[in-house]
Amino acid sequence: MVAPSNAPTVRERAALILGRAAGTAARRLGRGGGTALPGLVAGALAPSLLGRLARQAGQGVVTVTGTNGKTTTTHLLAAILRAHGVRPLTNPSGSNLERGLVAAYIEDALPDGRIADAEHRVGVFEVDEAVLARLFPRLHPRVAVFLNLFRDQLDRYGEVDSVGEGWGGMLARASRDCTLVLNADDPSIAQLTHGTHAGVITFGVDDAAVRLPRAEHASDARFCRCGGRFAYDAIYMGHVGVWRCTSCGERRPVPRVSARRVALRPDGSTVEVAIDGALVTFEVPMAGLYSVYNALAAAAAAHALGVPVTTIVRALGEAGPAFGRQEQFDIDGRKVRVLLAKNPAGMNELLRALVAGAPDGQPVHLLAMLNDGVQDGQDVSWIYDADIEVLAGHPVTVTCSGDRADDFALRWHLAGIDPAAVVPDTEAAIDDALRRTPAGGRLDVVATYTAMIDAREALARRAGVAAYWEKAAR
Amino acid sequence: MTVGDASTPGRAIRVVTLYDDVMNVYADRGNLIALRARAAEHGVGVEVTAVSLGDPLPPDADLVLIGGGQDREQRRIADELAAHGPALRAWAGAGTAMLAVCGGFQLFGRWYRDASGTELPGAGVFDVTTLAPGPGAARCIGDILAAAEIAGVGEVVGFENHGGRTYLGPGAYPFARVEFGRGNNGEDGTEGAVYRNAVGTYLHGSLLPKNPALLDWLIAAALRHRYGESAPEATLTPRPAPYAERAHASASAVARRRSPKFEPVVK
């Protein structure tokens, strides 16, 4: 039941109306997007909107944060909840600052500022890792999902450590009725249990067959909170694996949601999962071990919300990819897949999935796009932390594109793979890359955030699919 | 007389990387990747010794690399690095080439007072000191373009991201003069420090991949250290670096467009 105090104030109702009008105007003017503006306008007019939104969701709020996998995990959890008969209230893809959450409110608000059927709804919000600590007290989440913590956009966050420290302070004040869904395999996430009263459900991978032969360079948690050095019985990606501290002896907790056997395929994975002892099989609809982690996180969050395991399994099998995350288009007889890569850990996982998806020396055709906007990270040095070298020795054709096409071309050159072409312009680069992909073959577009938005829009137009703002904002 | 690369088979430089498993926050391994690739083009072998916590220094080195780290990581290595200070200063004095970036540059100075007020000892290769300002002060973050004070190196481009403000002592010379960006402290227009063949700098980005003139200068200096000033093995034949030059031009244009033109602070 909605308490009377949840009724929006006059000011909040006005802000919702003006925010919506701003979005409509932006779309009419043909300015793509129109997804940031409504939330920005409404949030500025009534800063209390975010708390009002959270209090209206009768079944509570779930936050999803971490460096990689926020959008996909949010998308999968929303799909599971829909299968469970609960209408999620969720923010448009990737719009994970305060304005994005307010935009979700605007989208679902009735004329009186209330949310339709609010008492039966769950808020499922992806939240940027650097702003979560600020929004957490106002969102008062029932479930808070923490996926991983890698280096990402250091030009914005300053240092990796400061993000983790912000979370620690925030969770020290979290209440007992909040459940943390934590990646047991990432020590910087698993160690969040220290100093909090919140409940905990962990997820992780227990299949030595998918571990890496050696540690990767892009590892950001080499040292325990006690100052000791971590050792690993298995590393799955970056610093994620079966860890233990060589000094204080703390070790990776046994995950309550655990992937016992993982079969990776070019377009998805089959995973045997134990959920609190019950054995089930997940069909994960996206390639790569990182997608398996996202599915485990979504399943653990749904489990924390009381969704039956059979519903979780069914919903995962039926879910498609999230916006710009392994979405596939048919263009000129070629399959074109869009892959977001915005930091070393994410890029490494993508490249590994590409190699696994092209066995027996089949060629990989790539359009590699590097932009340097605020949302991409203005500092492009991260490409040197990514292991582009894993593709060396594999037949690859690469077209480099984006604002920093020349920087990317140099990186590929230094990895021993000279680009077939360097074409900064998006449309011309797509033409070039399609020409180099044989009919019936697949082109993978690996792109930073704004480059992904550009490429997806151009590809969707060519394939006759809805444009970004039509899909993202409905 | 031009000595071709083919006539000097087997020449190599001894490279020491310091704490590269701890100090690598801003993609500093790109410097080693570029060094290996460029040295191969010049027909120069690269023998790398990775020195980390608890390891002794090898007897000698032609080129030393150290990258950046966060305060936590700097605290881990500072005492050990300072203990290597006398050896590193002797190497630098004897002409070993060095590249110390960001947090590594700070710890190659005399001392670094970090954000918590703790003073970390430095190796003292450069006569510089660094202060982390209080929590209210902005970090120096952005594209940077500077004119190197080393003959033939010219314009250097990169990205800087540091809280600490570094000040040159009377015995230090700047590596470069800031044209766009902030540099050592945002006040005096200096960027980094240079002592003989040792360079300290805030530029990552990564630095050596897209600054081929600096990279060649370091390789040449390392070869001179190994084989002697006038040895035929110490000669580098100029050769183009097309990918690096295009990336340099692109980063240079970005810095000119996006970063503030440096204006000295008038006190």
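Two strands are taken to pair if DSSP finds at least two bridges between them, and the pairings described below for this predicted model rest on that criterion. In chain A, strand β7 (residues 230-237) and strand β8 (residues 240-245) pair in the antiparallel sense over 6 bridges, and within this pairing A:Y232 has A:W243 of β8(A) as its bridge partner. The two strands, β7(A) and β8(A), form a hairpin with 2 residues between them, and A:G238 in the turn has a positive phi of about 50 degrees.

A second set of pairings in chain A involves strand β1 (residues 61-65), of which 5 of the 5 residues are buried, so that β1(A) is largely enclosed by the rest of the structure. From β1(A), the residues A:V61, A:T63 and A:T65 point one way, whereas A:V62 and A:V64 point the other way, and all are buried. Strands of a sheet pair through backbone hydrogen bonds, either parallel or antiparallel. Strand β3 (residues 122-126) of chain A runs parallel to β1(A) and is joined to it by 4 bridges, with A:F125 in β3(A) serving as the bridge partner of A:T63. A parallel pairing over 4 bridges likewise links β1(A) with strand β4 (residues 143-146) of chain A, where A:V143 in β4(A) stands opposite A:V62. At the level of the whole chain, the domain assignment of chain A gives domain 1 (4-318) and domain 2 (327-472), and the centres of these two domains, taken over C-alpha atoms, are separated by 26 Å.

Chain B has a secondary structure of 6 helices and 14 strands. Taken along the principal axes, the C-alpha atoms of chain B fill a box of roughly 60 × 45 × 30 Å. The radius of gyration of chain B is 18 Å, which agrees with the value near 18 Å that a compact globule of 267 residues would have. Of the 267 residues of chain B, 54% count as buried, and among contacts in chain B between residues at least 6 apart in sequence, 75% join residues at least 24 apart.

Within chain B, an open sheet of 4 strands follows the order β6-β5-β7-β10, with mixed pairing. The edges of this sheet are occupied by β6 (119-121) and β10 (165-168) of chain B, each of which has a single partner strand, so one side of each is left without a neighbour in the sheet. Neighbouring strands of the sheet are turned against each other by 20 degrees on average, direction ignored. Strand β7 (residues 128-131) of chain B runs antiparallel to β10(B), to which it is joined by 4 bridges, and B:R165 in β10(B) stands opposite B:L131. Helix α2 (residues 71-83) of chain B lies across β5 (111-113) and β6 of chain B, and runs at about 40 degrees to β6(B).

The contact between the two chains takes 22 residues from chain A and 27 residues from chain B. On the side of chain B that touches chain A, α1 (29-41), β9 (155-162) and α6 (242-258) of chain B each supply at least two residues, and the largest share, 7 residues, comes from α6(B). By residue class, this side of chain B divides into 14 nonpolar, 7 polar and 6 charged residues.

Definitions and conventions. Residues are numbered from 1 along each chain as its sequence is written. Chains are lettered from A and ligands numbered from 1 in the order in which they are written. This is a predicted model: local features need pLDDT of at least 70, side-chain atom pairs count only at pLDDT 80 or more; totals for chains, interfaces and linings use all residues. Two residues are in contact if their C-beta atoms, placed from the backbone, lie within 7 Å. Ala, Val, Leu, Ile, Met, Phe, Trp, Tyr, Cys and Pro count as nonpolar, Asp, Glu, Lys and Arg as charged, and the others, Gly among them, as polar. The radius of gyration is taken over C-alpha atoms; the globule rule is 2.2 Å times the number of residues to the power 0.38. A residue is buried if 20 or more other C-beta atoms lie within 10 Å of its own, exposed if 12 or fewer, and partly exposed in between; C-beta atoms are placed from the backbone. Domain bounds come from an automatic or database domain assignment. Axes are lines fitted to C-alpha atoms, for helices over the stretch in contact, and angles run from 0 to 180 degrees between N-to-C directions.
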